[in-house]
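Here are my notes for a first reading of this model, set out as numbered points. Please keep the sequence and the structure open beside them, and look up each residue as it is named.

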Amino acid sequence: MAVVRLFASGFGAFFLWKLVRRLTAPKSPLADISGPAKEHWLTGNIHRLVKDGLKYNLELVEKYGGVWKFYGMLGKEQLYVSDPRAMHHIVVKDQHLWEETDMFIMGNQLIFGDGLISTLGEQHRKQRKMLNPVFSLANMRDILPIIQPIAGKLRSILVSELPADGSASEVNILPWLTRGALEYICQAAIGHSFNALELNQEEEYVEAMRVLAPTTLRLVFLRPFVPFALRYLSLNWRNKLMDWLPIDALREIRRIVNIMDSMSRKIYEEKKAAMVAGEETNIDPNSLRARMKGKDIMSIMLKANVSSSESDKLTDGELLGQMNTIIFAAIETTTSAICRILWILANKPEVQRRLRSEIRHAKRTYAESQGNGEDWQDIELPYDVLVSIPYLDAVCRETLRVHPPTSLLSRVARQPTTLPLHKPIRSASGTLLSSIPIPEGTTIFISIIAANRNKELWGPDADEWKPERWLTPSGERIQGAVRDNTLGDDVGSARFGEKVPGTKDGVKYPGVYSSMMTFLGGSRACIGFKFADMEMSKSIVICLCTQPNQFTPPEQVLTTLIPRIHFALPPPDVKEVYWKMNGLQIPVVLPPAGDGETSQVPLMLREVKEEDFVL
């Protein structure tokens, strides 16, 4: 206990020192930037922005515009940015001046190792160069057939929860979609199955990955101390501190990281050994290894690394870091997005009917082209057909625009710079500012949620979930060239009379996915956005309208075709699902039916009837 008191005193002294420095510092260059008043001496306003803060964020953007000031820990002045030109400079044009914060980089290093989200500068560029070809469209096409049986089994499990008389049954879809996402991603990313959909065979790694995100959210208040701990405390002292502090989540995160590291190293060594040995001749043809044939992301990455020049090669630690990063990032974001889509469909039965009917039409059309029109339900759509279903594409895009899984990201200015604005803001003294001088060390929040709802670029209905904005009046996809990362360049390959969503007079956001910022832009954009798009589309097709594959494990054969599923909300007077914006999107059930804290998405499921299609 004496040691605990010593560390508590040390942290208290550190807090006091930082506070005194803040209070005695000269007037800040950001003093004239408008923004809300500081609400708390310790957390400023930041707690309001990141803790169930959707309404608070949008109200302040409406009041202060595309850039405004808020107060972080100990009253530190920071900027909140949603202006498109400012974002272009931050993530593309001047991205070398704006880096991830030490808190973000070091925190990720502790959990995931030296992966893409834990590295900076030349090391990050080298990793990106290696990984970009791995996520090519050709590789995504190869991965799709691998995840189809998994989606089919997931749907079989959901249907098994339904009453045989056709009535509806309440099912919490969140844990099942999390398990399904984990199995998709592990098979596609590392060519390994953890039997995540087998409750009686759950592995320690599956449980660890499922609780990683909730555990890290419980420790968010400790993140500012991570750089201090890594710089000034040895590994031995950090472990002692975790043992002594009365915070159970600290010991839990250490347990989870140890499980992740141990399993990742085991799989990595197996893959390296298999690659050195070459193709094996005695592989079970029904095994995952036989079906993958080296097409998983990790195998492709290992082969690319071997063939690279010595200067471009990644170390074993860097390759291990990619495994952990890809799996965690994909599980949380795609599960959140798929749950949100199914929740929206349950809330909008007319949208659900239209989407289900369009998927059925696409499957019938493809089946007929293959000379198998009578058995259209058993047809699995290839990648190019799957991602080109207009209404399905529109539903996915609009959900990712209005409800991005991650709402805020941070950056820090590594040297003084100037941030130009697309739309001037009014300063606290009343003058109009078209650019803002930024001191070195300034931390900013990039607001994905505000950018994706910018009424100037998306229209006055930007807050509305409206998939039709991505379609022509005849229901076709709007053909716009929105893949470039430049602001003000020509975005016009749209057909005559079409307006590319999210653009106005050549101005748009620098996102890699349409004109939105959901997957960011520039060199730190989400490298797996094509995989996320494909995974969402496949999951919805499976859940809404298709019969799954006849899943064939070695011991038994599932020979019964599974009926289709209809989704509806529970009666609001019984259970109300509410989505918190806590950095990630967190679905909870409000009191009295729920505790308002536990993540869950209960929906009413039943077999589909003919009236559930558009007649």
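1. Strands β9 and β12 pair in the antiparallel sense, and four bridges join them. One of the residue pairs to look for is A568, whose bridge partner in β12 is M604. Please bear in mind from here on that this is a predicted model, so every value below is computed from predicted positions.

2. On which strand does β4 pair, and in which sense? Strand β4 (residues 169-172) pairs with strand β12 (residues 602-607) over four bridges, and the sense is antiparallel. Within this pairing, N172 has P602 of β12 as its bridge partner.

3. Put together, the three strands make an open sheet in the order β4-β12-β9, with antiparallel pairing. The edges of the sheet are β4 and β9 (565-568), each of which pairs on one side only. From one strand to the next, the twist averages 40 degrees. Helix α15 packs on this sheet and touches β9 and β12, and the direction of the helix makes about 80 degrees with that of β9.

4. The two faces of β4 deserve a separate look. In a regular strand, side chains alternate between the two faces of the sheet. In β4, S169 and V171 belong to the covered face, whereas E170 and N172 belong to the uncovered one.

5. Which residues touch the most other members of the largest nonpolar core? That core has 142 residues, and the ones with the most contacts to other members are V81, I173, I190, Y205, I327, L603 and L605. Helix α15 (residues 316-347) gives the largest share of the core, 17 residues. Y205 is a good place to start exploring: once its neighbours within four places in sequence are set aside, Y205 is in contact with C186, F194, I259, M260, M263 and I327. There is also a second, separate core of 14 residues, which includes I46, Y64, W68 and M581.

6. Helix α4 (residues 84-93) is largely enclosed by the rest of the structure, because eight of its ten residues are buried. The buried residues of α4 are P84, A86, M87, H88, H89, I90, V91 and V92. At the start of α4, a side-chain oxygen of D83 comes to within 3.0 Å of the backbone nitrogen of R85.

7. T101 is found in the loop between β3 (98-99) and α5 (102-112). Is T101 buried or exposed? Its relative accessibility is 8%, so T101 counts as buried. When residues up to four places away in sequence are not counted, T101 touches S410, R411, V412, R414 and T443.

8. The structure holds 32 salt bridges, and a few of them are worth comparing by eye. Side chains of opposite charge can pair when their charged atoms come close. One salt bridge joins the side chains of E198 and K153, with a distance of 2.0 Å from N to O. This pair links distant parts of the chain, 45 residues apart: E198 is in the loop between α8 (173-190) and α9 (204-218), while K153 is in helix α7 (residues 137-160). E198 is partly exposed, with a relative accessible area of 23%, whereas K153 counts as buried at 16% relative accessibility.

9. Another salt bridge joins K266 and E270, whose closest N and O atoms are 3.0 Å apart. Both residues lie in helix α12 (residues 248-277), and their separation of four residues is about one turn of the helix. K266 counts as partly exposed at 44% relative accessibility, and E270 also counts as partly exposed, at 37%.

10. How far apart are the closest N and O atoms in the salt bridge of D612 with R606? They are 2.9 Å apart. D612 counts as buried, with 6% relative accessibility, and R606 is buried as well, with a relative accessible area of 16%. Elsewhere in the list of salt bridges, E398, R401, D461, K466 and R469 are joined into one network by bridges that share partners.

Note on methods: Residues numbered from 1 in each chain as written. Predicted model: local features only at pLDDT ≥ 70, side-chain atom pairs only at ≥ 80, totals over all residues. Heavy atoms only, no water. Salt bridge = Lys/Arg side-chain N within 4 Å of Asp/Glu carboxyl O. Buried < 20%, exposed > 50% of the residue type's maximum accessible area, 1.4 Å probe, protein only. Pairing = 2+ DSSP bridges. Polar contact = N/O pair within 3.5 Å; in protein donor to acceptor, adjacent residues only side chain to side chain. Core = buried A, V, L, I, M, F, W, Y, C linked by side-chain atoms within 4.5 Å. Contact = heavy atoms within 4.5 Å. Axes fitted to C-alpha atoms, helices over the stretch in contact; angles between N-to-C directions.
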